[in-house]
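Could you walk me through this structure in the viewer, one selection at a time? I would like to know what to click on next and what I will find there.

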Amino acid sequence: QVQLVESGGGLVQAGGSLRLSCAASGRTFSSHAMGWFRQAPGKEREFVGTISWSGGNTYYADSVKGRFTISRDNAKNTVYLQMDSLKPEDTAVYYCAAPRSPLTVVAAKRIAEYDYWGQGTQVTVSS
């Protein structure tokens, strides 16, 4: 059974940092892109960023570009989301996601392309 478990969320002041982790079990995703998404109260889930299977390529939503960094450790089957210069509008539940099959860069930004999702971790940024 595939499981994705996020951790590292919490309450932080604006301008602060958090590092989220997503640990996968049940299968390896070392040959697949992984994605991070978020959902704020009353809003739809949105793309945050994605990382290629090797970690050599990353892509971000414009709203987080330059502040968030995705990395991965394939030996640990874990993906990370480093969030710096946090803003109150970053407040949301953050989810990691993995596909069954490899994704193109364009597809990796689409929610529907992902088959496995974590339970989410709450990030709250106070002003």
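Start by selecting Tyr59, which in this predicted model is partly exposed, with a relative accessibility of 29%. You will find Tyr59 in strand 6, the run of residues 58–60. Now show what surrounds it: setting aside neighbours within four places in sequence, Tyr59 is in contact with Phe47, Val48, Gly49, Thr50, Val105 and Lys109. If you like to check distances as you go, draw a line from the C-alpha of Tyr59 to the C-alpha of Asp73; these residues are 14 apart along the chain, and the line should read 17 Å.

**Next stop: the aromatic rings**

Keep Phe47 on screen, since Phe47 is one of the contacts of Tyr59 and also part of a cluster of rings. Add Phe37, Tyr95, Tyr114 and Trp117 to the selection, and you have the cluster that ring pairs link together with Phe47. Across the whole structure, a search finds six aromatic pairs. Zoom in on Phe37 and Trp117: their ring centres are 5.1 Å apart and their planes meet at 55 degrees, so this pair is classed as tilted. Which strands do the two rings come from? Phe37 belongs to strand 4 (residues 34–39) and Trp117 to strand 10 (residues 116–117), so the pair ties together parts that are 80 residues apart in sequence.

Switch on a surface to compare the two partners. Phe37 is buried, with a relative accessible area of 0%, whereas Trp117 is partly exposed at 25%.

**After strand 10: Gly120**

From Trp117, move along the chain to Gly120, in the loop between strand 10 and strand 11 (121–126). Is Gly120 buried or exposed? Its relative accessible area is 15%, so Gly120 counts as buried. Beyond its neighbours within four places in sequence, Gly120 is in contact with Glu6, Val93, Tyr94 and Tyr95; Tyr95 is a member of the ring cluster you have just seen. For another distance check, go from Gly120 to Val2: 118 residues separate them in sequence, and 15 Å separates their C-alpha atoms in space.

**A threonine with two backbone partners**

Select Thr91 now, in the loop between strand 8 and strand 9 (92–98). With 19% relative accessibility, under the 20% cut-off, Thr91 counts as buried. Show its side chain and look for two polar partners. On one side, a polar atom of the Thr91 side chain lies 2.9 Å from the backbone oxygen of Pro88. The Thr91 side chain also reaches the backbone nitrogen of Val125, at 2.9 Å. Apart from neighbours within four places in sequence, the residues in contact with Thr91 are Ala40, Pro41, Gln122, Val123, Thr124 and Val125.

While you are in the loop between strand 8 and strand 9, click on Ser85, which is found there too. Look at its backbone: phi is near 50 degrees, a positive value in a residue other than glycine. Ser85 is partly exposed, with a relative accessible area of 40%.

**Another positive phi, and a cavity**

Go to Asn77, in the loop between strand 7 and strand 8. Asn77 is not a glycine, and its phi is positive, near 55 degrees. At 15% relative accessibility, Asn77 counts as buried.

Asn77 also helps to line the largest cavity, together with Cys22, Ala24, Phe29, Met34, Arg72, Asn74, Thr78 and Val79. Strand 3 (18–25) and strand 8 (78–83) are the elements that give two or more residues to this lining. Colour the lining by residue type, and you will get five nonpolar, three polar and one charged. The volume of the largest cavity is about 40 Å³, and a search of the whole structure finds one cavity of 30 Å³ or more.

**Last stop: Ser71**

Finish at Ser71, in strand 7 (residues 68–73). Ser71 counts as partly exposed, at 31% relative accessibility. Leaving out neighbours within four places in sequence, Ser71 is in contact with Ile51, Val79 and Tyr80, and Val79 is one of the cavity-lining residues you have just coloured. One more distance to draw: the C-alpha atoms of Ser71 and Ser25 are 18 Å apart, with these positions 46 residues apart along the chain.

Methods
Residues numbered from 1 in each chain as written. Predicted model: local features only at pLDDT ≥ 70, side-chain atom pairs only at ≥ 80, totals over all residues. Heavy atoms only, no water. 1 Å grid on protein atoms, 1.4 Å probe; cavity = no way out; pocket = protein on both sides within 12 Å on 5 of 7 lines; lining within 4 Å. Points joined across faces, edges and corners; volume = space filled by probe spheres on them. Helix = DSSP H or I, 4+ residues; strand = E, 2+ residues; numbered from the N terminus. Nonpolar A, V, L, I, M, F, W, Y, C, P; charged D, E, K, R; others polar. Buried < 20%, exposed > 50% of the residue type's maximum accessible area, 1.4 Å probe, protein only. Polar contact = N/O pair within 3.5 Å; in protein donor to acceptor, adjacent residues only side chain to side chain. Contact = heavy atoms within 4.5 Å. Phe/Tyr/Trp six-rings, centres within 6.5 Å; stacked < 30°, edge-to-face > 60°.
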